[in-house]
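Below is a set of questions and answers for a reader who wants each term tied to its cut-offs. Please keep the sequence and the coordinates in view while reading.

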2 protein chains.
Amino acid sequence: MPELDAIDRKILASLQADGRTTMQELADKVGLSVSPCHRRVKLLESRGVITRYTALVDQKAIGLHVSVFISIKLVRQKEEDLNRFARAISKWDEVLECYLMTGNRDYLLRVVAADLAAYEAFLKNKLTRLDGIASIESSFALSQVKYSIALPV
Amino acid sequence: MPELDAIDRKILASLQADGRTTMQELADKVGLSVSPCHRRVKLLESRGVITRYTALVDQKAIGLHVSVFISIKLVRQKEEDLNRFARAISKWDEVLECYLMTGNRDYLLRVVAADLAAYEAFLKNKLTRLDGIASIESSFALSQVKYSIALPV
DNA sequence: GTCTGCATTGGCAGATTATCCCAATCCTTC
DNA sequence: GAAGGATTGGGATAATCTGCCAATGCAGAC
C-alpha cells in the first residue's frame, strides 16, 4: 500500500470539506492539472481511502431532536457474544455510532430519535429485547457543540 | 417552513447513501423526472436541510489508529464558560464531536489521533491548558463497530 | 360538474463537467 | 549521462448539470 503524499492529503482535505467540488477546482487547489488530479481521486477511491460520498442532513430539520449516548455492558464478552451484539446494532437506523470500549463498559452507542417517546420505543422494542445485556445507561445530549466528519489529514 | 413529503425523504435517504448520485439516477429512484428532482434538491439545500456534501475517509487508511471519548467537567457552568470552551474545542481538528451533556458530566468529546503519543500531545498541549476544567476522563475505543452518517428519514 | 388559480411536473437545449487517450515531462537508478 | 518507469498536461468526447417554458394535476369556489 503506497503512502499518501502531500497532494493526496490536500485532495482528501478538500473533498472532506466539499465532496462535490469539480475536478477543475480541486486541481487548482492542490496545484495539479485536471487529469492527474482526477486519476489520484479515482485511485484513492479504489484503494478504499475514500470510502464513499454523502450528503449531510440537518438533524433538527428532519425532526430528530433527541441525541443519546448509551453505555452497555454485556453479560459475557466472548467473541460470539460481541458479534451477535454487533449484528443486531448494525440493523437499527437509530444507532449512528457504536464503539467497543476499554474500561468497565463494553459498548458506547450514539442514538438519535424524534423525541423522548420515540427513544423510549427504541429502548423497549429493540435494545432491551436483546439477550445477553447486563446493563444499559443512557446519557442525553443537550446540544451538539461540534460535529465534524473531516478527519485531520 | 414547509414539511418534507415522502419524495423529499426518499431524496434525502438516497443522497445520504450516495452524495454523488446523478440527478437521473436520483430521479429514477424517487419516481420523478430530472427537472423537479433537481429543483427539490436545490430547495433542500437552500432550506438548510442538506447542509453540505462530503467525502468519507477511512480512519485507519490515513493512520489515525486511536479513538478516544473524553468526559469533561468544568469548574463553573455559566454561559460564558460554556461558550469559551466551545470556541476552543471548535478550533481543534482532533475533536470530531462534542456534546453538552445532562447528568454529572458537562461535555462528551470524540477525539482521534495517530497513536497514543499523539493523543498524549493533544492532552498536554491543548486540552489541559484550557482554563476552567475541573476534570478529564478518557475512555478508549477498541474498535468502531458502526459508524453511520445517515440519519433515519 | 365546471371553472379558475396555484403549485408541481416534464422535456428540451445550452453550458458545464467528467473521463479517457496519448504525448511530454520528471525522477530515479545504473 | 542514458534508460526505464511513473506521473503529468492537454485535448476530445461523452455524460451531466441547470434553467426555461409549456403542460399537467389538484384544490377550492360557484
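**The surface near DNA strand C**

The residues of the surface near DNA strand C (near meaning that a heavy atom of the residue lies within 4 Å of the strand) divide into four nonpolar, five polar and three charged, where Ala, Val, Leu, Ile, Met, Phe, Trp, Tyr, Cys and Pro count as nonpolar, Asp, Glu, Lys and Arg as charged, and the others, Gly among them, as polar. This is a predicted model, in which local features need pLDDT of at least 70 and side-chain atom pairs count only at pLDDT 80 or more, whereas totals for chains, interfaces and linings use all residues. Residues are numbered from 1 along each chain as its sequence is written, chains are lettered from A and ligands numbered from 1 in the order in which they are written, and side-chain values use heavy atoms, with hydrogens and water left out.

Q: Which residue of chain A has a side-chain N or O atom 3.0 Å from a phosphate oxygen of DNA strand C?
A: DNA strand C is surrounded by residues of both chains, including S35(A), H38(A), R39(B) and R40(B). A base nitrogen of the strand is 3.4 Å from a side-chain N or O atom of S35(A), and a phosphate oxygen is 3.5 Å from such an atom of R39(B); both are polar contacts, that is, pairs of N or O atoms within 3.5 Å, where within protein one must be able to donate a hydrogen and the other to accept it, and residues adjacent in sequence count only if both atoms are side-chain atoms. The residue at 3.0 Å from a phosphate oxygen is H38(A).

Q: What share of the atoms of DNA strand D that come within 4 Å of the protein is sugar and phosphate?
A: DNA strand D is surrounded by residues that include R39(A), R40(A) and S35(B). The share that sugar and phosphate account for is 65%.

Q: Which residue has a polar side-chain atom 2.9 Å from a phosphate oxygen of DNA strand D?
A: A polar side-chain atom of S35(B) lies 3.3 Å from a base oxygen of DNA strand D, while one of R39(A) lies 3.4 Å from a phosphate oxygen. The 2.9 Å distance to a phosphate oxygen belongs to R40(A).

Q: How far apart along helix α3 of chain A are K42(A) and E45(A)?
A: K42(A) forms a salt bridge with E45(A), the closest N and O atoms being 3.4 Å apart, a salt bridge being a side-chain nitrogen of Lys or Arg within 4 Å of a carboxyl oxygen of Asp or Glu. Because the two residues are three apart in helix α3 of chain A, they are separated by about one helical turn.

Q: What is the area buried between chain A and chain B?
A: In contact, meaning heavy atoms within 4.5 Å, are 60 residues of chain A with 60 residues of chain B. R20(A), Y99(A) and K146(A) supply 13% of the area that chain A buries against chain B, more than any other three residues. Buried area is the accessible area (1.4 Å probe) that two parts lose on being put together, summed over both, and carbon and sulfur atoms give 61% of a total of about 5900 Å².

Q: Which residue of chain B forms a salt bridge with E97(A)?
A: The count between chain A and chain B is two salt bridges, and the structure holds 19 over all chains. In the one formed by E97(A), the closest N and O atoms are 3.4 Å apart, and the partner is R110(B).

Q: Which element gives the most to the side of chain A that touches chain B?
A: Between the two chains there are 45 residue pairs in polar contact, both at pLDDT 80 or more. Several elements of chain A each supply at least two residues to that side, among them α1 (6-17), β3 (95-101) and β5 (133-147), where helices (H or I, at least four residues) and strands (E, at least two) are DSSP runs numbered from the N terminus. With nine residues, the element that gives the most is β5(A).

Q: Which residue of β3(B) is the bridge partner of S143(A)?
A: β5(A) pairs with strand β3 (residues 95-101) of chain B in the antiparallel sense over five bridges, two strands being paired if DSSP finds at least two bridges between them. In β3(B), A141(A) stands opposite M101(B), and the bridge partner of S143(A) is L100(B).
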